[in-house]
Amino acid sequence: MTPVTYGGKYLSGSIPKVNNMSKPLFLHADRLFSSDPAQRAIARDLYASVKGLPILSPHGHTDPSWFADNQPFENATELFLAPDHYIYRMLYSQGIDMDSVGVGSKAGPSSADARAAWRIYAANQHLFRGTPSFMWMSHVFGEIMGFEVALDETTADFYFDRIGELLASDAYRPRALFDRFNIELLATTEGPTDTLEHHAKIKASGWKGRVVTAYRPDPVIDPEHEDFHDKLALFADLTGEDVHSWKGYLSAHRKRRDVFMAHGATSTDHGHPTAQTANLSHSDAKDLFHRVLKKHVSAEDAELFRAQMLTEMARMSLDDGLTMQIHPGAYRNHNARVFDTYGRDKGADIPMPTGYVHALKPLLDAFGNEKNLTIILFTLDETNYARELAPLAGHYPVLKLGPSWWFHDSSEGMMRFREQVTETAGFYNTVGFNDDTRAFLSIPARHDVARRIDSAFLARLVAEHRLPIEDAAQVIQDLTYNLPKAAYKL
Amino acid sequence: MTPVTYGGKYLSGSIPKVNNMSKPLFLHADRLFSSDPAQRAIARDLYASVKGLPILSPHGHTDPSWFADNQPFENATELFLAPDHYIYRMLYSQGIDMDSVGVGSKAGPSSADARAAWRIYAANQHLFRGTPSFMWMSHVFGEIMGFEVALDETTADFYFDRIGELLASDAYRPRALFDRFNIELLATTEGPTDTLEHHAKIKASGWKGRVVTAYRPDPVIDPEHEDFHDKLALFADLTGEDVHSWKGYLSAHRKRRDVFMAHGATSTDHGHPTAQTANLSHSDAKDLFHRVLKKHVSAEDAELFRAQMLTEMARMSLDDGLTMQIHPGAYRNHNARVFDTYGRDKGADIPMPTGYVHALKPLLDAFGNEKNLTIILFTLDETNYARELAPLAGHYPVLKLGPSWWFHDSSEGMMRFREQVTETAGFYNTVGFNDDTRAFLSIPARHDVARRIDSAFLARLVAEHRLPIEDAAQVIQDLTYNLPKAAYKL
Amino acid sequence: MTPVTYGGKYLSGSIPKVNNMSKPLFLHADRLFSSDPAQRAIARDLYASVKGLPILSPHGHTDPSWFADNQPFENATELFLAPDHYIYRMLYSQGIDMDSVGVGSKAGPSSADARAAWRIYAANQHLFRGTPSFMWMSHVFGEIMGFEVALDETTADFYFDRIGELLASDAYRPRALFDRFNIELLATTEGPTDTLEHHAKIKASGWKGRVVTAYRPDPVIDPEHEDFHDKLALFADLTGEDVHSWKGYLSAHRKRRDVFMAHGATSTDHGHPTAQTANLSHSDAKDLFHRVLKKHVSAEDAELFRAQMLTEMARMSLDDGLTMQIHPGAYRNHNARVFDTYGRDKGADIPMPTGYVHALKPLLDAFGNEKNLTIILFTLDETNYARELAPLAGHYPVLKLGPSWWFHDSSEGMMRFREQVTETAGFYNTVGFNDDTRAFLSIPARHDVARRIDSAFLARLVAEHRLPIEDAAQVIQDLTYNLPKAAYKL
């Protein structure tokens with residue numbers, strides 16, 4: 001039988017029988033590039049020109065306390081498994097209980113032994129074949145942890161022990177990793193009633209790492225949020241405003257935005273069910289506000305209020321310069337039993353069809369032609385890339401397109417984004433990459449995938465004689481660094 | 001002029017003028033693989049490893065009487081043309097009457113001479129360029145019938161005569177072909193009032209071929225089905241239940257499911273207009289049932305009843321273990337004149353936009369987290385692959401994704417399915433291939449196309465260093481054999 | 001550093017630094033072909049066989065007065081920039097005022113100096129990287145204008161001056177260019193009240209160029225059109241019919257259709273918001289007509305009237321033989337401020353989700369099975385290619401699919417069209433290419449892109465052994481010439 005080199009050139013021959021002998025880690029230098037030699041050569045060179053650029057991470061969900069306290073991460077399960085819904089939802093889809101892989105529930109922490117949980121993950125690596133999680137984790141294991149063998153049931157304990165050792169060392173504390181990852185800026189996302197104490201502590205610490213916040217006011221904007229009234233009360237406490245008057249409520253937002261900006265924020269973020277916007281008269285908006293403050297809010301009023309608040313946020317952005325991000329289209333907590341037992345963000349959010357062309361019109365009628373406002377649109381519904389989003393972004397000065405997001409933050413997903421958006425919106429109405437992640441150690445992996453896919457896409461354009469190589473060389477710099485820097489005013 | 005070899009390596013040179021001299025049959029060993037040498041080499045090896053595996057056909061529409069009676073097929077037109085709406089809809093779209101190509105109408109059999117009909121098909125081969133029908137028929141003609149020249153107007157009679165001779169021979173009777181095709185299991189689909197006599201006869205015959213049924217209760221579930229009341233009466237006769245009471249109606253289903261299982265069924269199949277489900281209280285369901293029994297049923301009640309019955313079927317599957325298949329999204333019999341003249345299933349079913357995220361929630365709230373229930377989802381609306389279906393199947397334990405279906409059972413369609421589904425659902429939330437066909441002789445062709453496309457997809461992942469070759473070697477075995485075996489409990 | 005040849009083979013090496021030294025024009029002979037050598041060789045040959053075929057342009061928006069009067073075009077800005085909303089919408093999206101690049105407003109012509117406007121365009125070439133505009137303009141500059149250096153800020157004046165000189169020469173007058181472009185037939189599009197004087201003048205001039213009209217009755221069919229009542233009055237004047245009676249109104253259409261046919265028209269064109277059709281009884285249609293004549297028309301009535309008129313137009317086409325074109329799905333004039341200031345057609349039309357399966361049923365119930373009627377469907381919503389349009393066109397004799405349109409008239413867009421349509425509708429239910437352009441000089445460029453992409457698509461089918469090369473050689477001829485000729489009865 002002809003030997004077959006892992007992650008290397010495939011030598012034609014019979015397919016080797018799968019066995020469980022320890023396999024080398026799979027992380028080839030040319031991964032994600034086209035196998036066409038002409039394209040691959042170009043992609044390599046483009047990628048090489050941006051591989052070493054600093055990471056700008058203007059949108060994400062890491063925990064600022066990691067950088068404030070700089071405590072070591074605990075173990076492989078706590079770090080990689082329990083918090084990563086990309087991973088445990090896939091295990092769950094195959095009948096593996098969340099509790100068994102370390103996911104805590106409303107009742108408390110998981111009852112599972114961390115090592116036992118890790119073994120389950122290790123033994124189910126086949127479920128991740130062809131997924132971005134496999135790509136990211138291989139990067140983390142190989143590039144950050146130094147593993148040379150693949151994770152599987154035969155290496156589970158070796159991995160668990162070695163990761164434990166590494167995490168106990170100073171080189172794997174959050175700040176050391178931040179520096180090693182060459183992160184120029186990392187934005188976290190906080191709710192409007194967050195005290196931002198961790199950001200303050202980071203600043204006070206003298207550490208040079210730039211960790212900034214972003215203003216995500218959903219809990220006090222969405223009347224259907226389970227904590228709406230509690231958060232409003234906190235919102236009042238923090239701002240000293242009468243947040244139950246329309247005027248006071250808006251003032252409270254302005255104050256919090258100022259405080260967030262003092263902690264480095266350059267953007268707001270809005271995760272609404274739809275992209276609906278509204279632009280009501282002052283008195284209609286005021287009346288609506290008073291209706292949504294009541295105990296029972298109709299679904300229509302809740303939707304209209306969220307819609308109106310996007311326009312209010314845009315108005316405030318015109319004043320204070322914060323870039324707006326709109327992330328619509330997820331049916332949150334679709335699995336009722338999982339929500340009841342485990343709570344939010346457990347891999348049970350499902351994308352819905354999402355419309356932009358009618359939904360955004362009220363906001364665009366008000367502010368669409370402003371030159372000093374930037375609104376970044378995201379979607380979970382790829383049918384909009386070519387149909388609505390690229391035409392909108394290719395016309396309105398305020399609009400830019402965020403990268404392919406969440407389920408679509410993947411090699412195929414990113415490629416579809418570029419293929420379907422570029423011809424109408426160009427490259428310069430997009431904003432580069434966001435990692436959008438809670439998984440700190442995957443940040444370099446995710447940015448690496450984005451840089452590779454952008455390189456691969458550009459390489460195809462060059463190899464098909466659709467773009468001069470010099471232009472591609474400029475574009476890859478822009479996509480990697482200059483566009484996020486400009487769009488988020490970093 | 002440089003000669004150009006058909007079905008072989010294209011030697012650059014001027015394009016030869018098209019002429020009607022008899023052309024070789026077009027069926028290259030590397031068909032459907034990428035032309036990139038690196039990918040092609042991998043695809044060849046992956047395909048070689050599964051080319052000879054037995055066929056599992058867990059979902060299809062062949063006629064069980066063929067295998068019960070084992071009578072010879074009549075002639076080329078009766079076998080290939082008259083029953084294949086993929087073919088005659090394309091001819092019809094170009095103004096060729098269905099009657100002229102052998103399609104019978106409500107008024108009786110086609111008036112066309114079988115040979116004359118065949119000549120029409122032969123002379124219009126250009127209409128099928130680039131279609132799966134061309135690929136399937138070339139496979140049938142070449143691999144099963146042994147033709148070496150292509151079908152066209154110059155070879156129409158030769159084909160017709162030769163096919164007639166072959167069909168008259170014992171080697172081309174249904175059971176002989178079944179054995180030759182290496183079919184390990186073939187499921188047909190029967191209505192709830194079918195007597196299953198053919199399946200009984202097959203079993204009694206001592207023939208080793210495994211032909212099983214599947215339970216498709218649509219005619220007694222869909223109040224808008226033209227035979228609803230007649231079928232209900234038969235349903236009562238067959239089961240001895242009072243099917244006009246809610247309790248008796250459900251009992252009748254249970255009894256028929258048991259009978260179907262005794263005839264080998266391991267699955268149910270539900271071809272609804274939408275994916276809507278409902279989970280009404282017992283009394284609401286009972287009231288609804290009594291409303292839909294009446295002469296005039298509102299569209300809302302009909303939809304709600306179908307929706308409720310999906311949940312009832314899931315409940316029964318939890319007890320008896322039948323795998324559920326949901327096939328929504330076709331506008332049936334869109335062409336009123338064709339329906340009036342020719343009846344159902346005449347190539348005039350058109351896909352509609354189909355939603356899953358809201359539609360399935362009632363059923364999923366009830367049974368989504370069960371580990372011993374499998375529900376296989378199909379779609380005619382590809383926009384759902386990445387947006388709704390992969391995220392749902394990548395989370396809920398009960399859900400799996402059926403293969404790309406009907407219009408999308410094609411090389412591009414299958415490739416889009418893998419590209420858009422794999423990154424979120426992985427390979428292991430899919431169930432391998434279904435041929436879903438009435439065209440018995442095309443079964444090997446269809447499975448061959450699926451094996452080739454899966455090999456080609458995996459080859460790209462390997463060549464782009466996204467998947468180790470050993471993993472791909474395992475996955476192609478699983479997609480071809482292990483996943484359908486598990487999902488359908490074969 | 002290894003030198004890198006523009007537009008030629010990329011020699012692996014480090015990426016050259018981008019600089020502003022004058023760059024060669026980018027227009028490679030193999031552009032848009034796959035970089036896979038096997039596919040590229042086939043694509044080259046297929047393309048070579050149709051590169052020189054005459055241009056059939058059966059649908060477009062050039063100004064017939066150009067060919068009637070044969071006056072020279074003015075300057076680069078007037079010719080290329082001010083009328084091309086593909087270009088100035090992209091500039092506008094980046095905050096560049098339309099006025100500054102020569103776009104006239106309702107208040108009058110642009111205040112911008114033509115040369116200054118041109119410099120802005122030249123300096124912003126990066127915005128067009130990866131867009132069809134870049135491809136088209138490179139073709140125009142290289143093939144038609146003879147430039148050898150690329151347009152950028154360093155060559156802006158050189159371009160402006162040289163273009164001015166060329167336009168002043170006889171060889172660049174409209175008729176000379178028409179002849180040089182090898183246009184066999186060019187259709188313009190006129191409203192129902194257009195006098196067609198330019199077409200009459202062309203005919204009377206003795207010039208051999210075939211410039212015909214097409215009947216686009218939207219202004220007298222859409223009750224929501226801002227000029228509906230004024231146009232109706234003109235419609236009465238031109239026809240001598242009582243257009244405020246249903247009978248007279250329909251007669252007026254028939255008369256104008258006859259006049260248009262006398263000026264060469266072979267088709268009608270209908271640009272509706274949706275694809276909705278209706279088939280009301282005579283009395284209901286008459287009542288509806290009287291309602292839409294009133295000052296205030298409900299949105300429902302307006303939609304229903306447009307829907308009914310598509311069926312009326314189909315009925316007339318059955319009599320007079322005009323091919324119908326239906327172009328639905330644009331949200332016109334989405335940007336309120338731009339519409340108020342600049343008017344229609346300023347790059348602010350945004351595609352909407354569009355349905356066909358229900359919308360077309362009334363019309364198809366009436367005329368779907370006619371063999372002597374051709375209705376060509378277009379879409380801005382690509383989700384319909386595989387889901388609705390290909391299945392409809394692959395069944396109904398009256399239906400054909402127009403090419404990928406507007407935002408999708410691009411290399412990726414065209415490829416998606418072929419990939420998603422061919423397997424179900426084949427090639428022969430499509431109608432070849434339409435350029436649909438106002439930009440006369442881009443016509444050869446647009447047809448060239450279409451020929452290249454069709455060649456590239458066919459080359460892939462051949463290289464993947466899905467289509468014999470002889471068949472591909474026939475198909476490329478048909479797509480380029482025979483199919484548009486037949487569908488538009490040219």
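In this predicted model, 54 residues of chain C are in contact with 61 residues of chain B. That contact is a good place to start a tour of the interfaces.

**Chain C against chain B**

Putting chain C and chain B together buries about 4,900 Å², with carbon and sulfur atoms giving 56% of that area. On the polar side of things, the count comes to six salt bridges across the interface of chain C and chain B. One of the salt bridges in the model joins Glu412(B) to Arg460(C), whose closest N and O atoms are 2.7 Å apart. Chain C and chain B also have 31 residue pairs in polar contact, both residues being at pLDDT 80 or more.

Which helices of chain C each supply at least two residues of the side that touches chain B? They are H1 (37–50), H16 (361–367), H17 (384–393), H18 (411–425), H19 (443–463) and H20 (469–487) of chain C. Sorted by class, this side of chain C has 23 nonpolar, 14 polar and 17 charged residues.

**Chain A against chain B**

Now for chain A, which puts 61 residues into its contact with chain B, while chain B puts in 54. About 4,900 Å² is buried between chain A and chain B, and carbon and sulfur atoms make up 56% of it. The rule picks out six salt bridges across this interface. If you want a pair to look up, try Arg129(A) and Asp471(B): their side chains meet in a salt bridge at 3.4 Å, N to O. There are also 31 residue pairs in polar contact between chain A and chain B, again with both residues at pLDDT 80 or more.

The elements of chain A giving two or more residues to the side that touches chain B are H4, H6, helix H15 (336–342), strand E7 (350–351) and helix H18 (411–425). By class, that side of chain A splits into 27 nonpolar, 21 polar and 13 charged residues.

Here are the two chain pairs as a table.

| Chain pair | Residues in contact | Salt bridges | Residue pairs in polar contact |
|---|---|---|---|
| Chain A and chain B | 61 residues from chain A, 54 residues from chain B | six salt bridges | 31 residue pairs |
| Chain C and chain B | 54 residues of chain C, 61 residues of chain B | six salt bridges | 31 residue pairs |

**Inside chain A: domain 1 against domain 2**

Chain A has an interface of its own, between two domains. The domain assignment gives domain 1 (73–171) and domain 2 (174–487) of chain A, and their centres, taken over C-alpha atoms, sit 29 Å apart. Across the divide, 25 residues of domain 1 of chain A are in contact with 28 residues of domain 2 of chain A.

How much area do the two domains of chain A bury between them? About 2,200 Å², with 66% of it on carbon and sulfur atoms. Three residues stand out here: Lys106(A), Trp136(A) and Ile144(A) supply 27% of the area that domain 1 of chain A buries against domain 2 of chain A, more than any other three residues.

As for charge pairing, the rule finds zero salt bridges across this domain interface of chain A, but it does find seven residue pairs in polar contact, both at pLDDT 80 or more. On the domain 1 side, helix H3 (76–81), helix H4 (85–93) and helix H6 (132–144) of chain A each supply at least two residues. H6(A) gives the largest share of that side, seven residues. By class, the side of domain 1 of chain A that touches domain 2 of chain A has 16 nonpolar, four polar and five charged residues.

Note on methods:
Residues numbered from 1 in each chain as written. Chains lettered and ligands numbered in written order. Predicted model: local features only at pLDDT ≥ 70, side-chain atom pairs only at ≥ 80, totals over all residues. Heavy atoms only, no water. Domains from an automatic or database assignment. Contact = heavy atoms within 4.5 Å. Buried area = accessible area lost by both parts, 1.4 Å probe. Salt bridge = Lys/Arg side-chain N within 4 Å of Asp/Glu carboxyl O. Polar contact = N/O pair within 3.5 Å; in protein donor to acceptor, adjacent residues only side chain to side chain. Helix = DSSP H or I, 4+ residues; strand = E, 2+ residues; numbered from the N terminus. Nonpolar A, V, L, I, M, F, W, Y, C, P; charged D, E, K, R; others polar.
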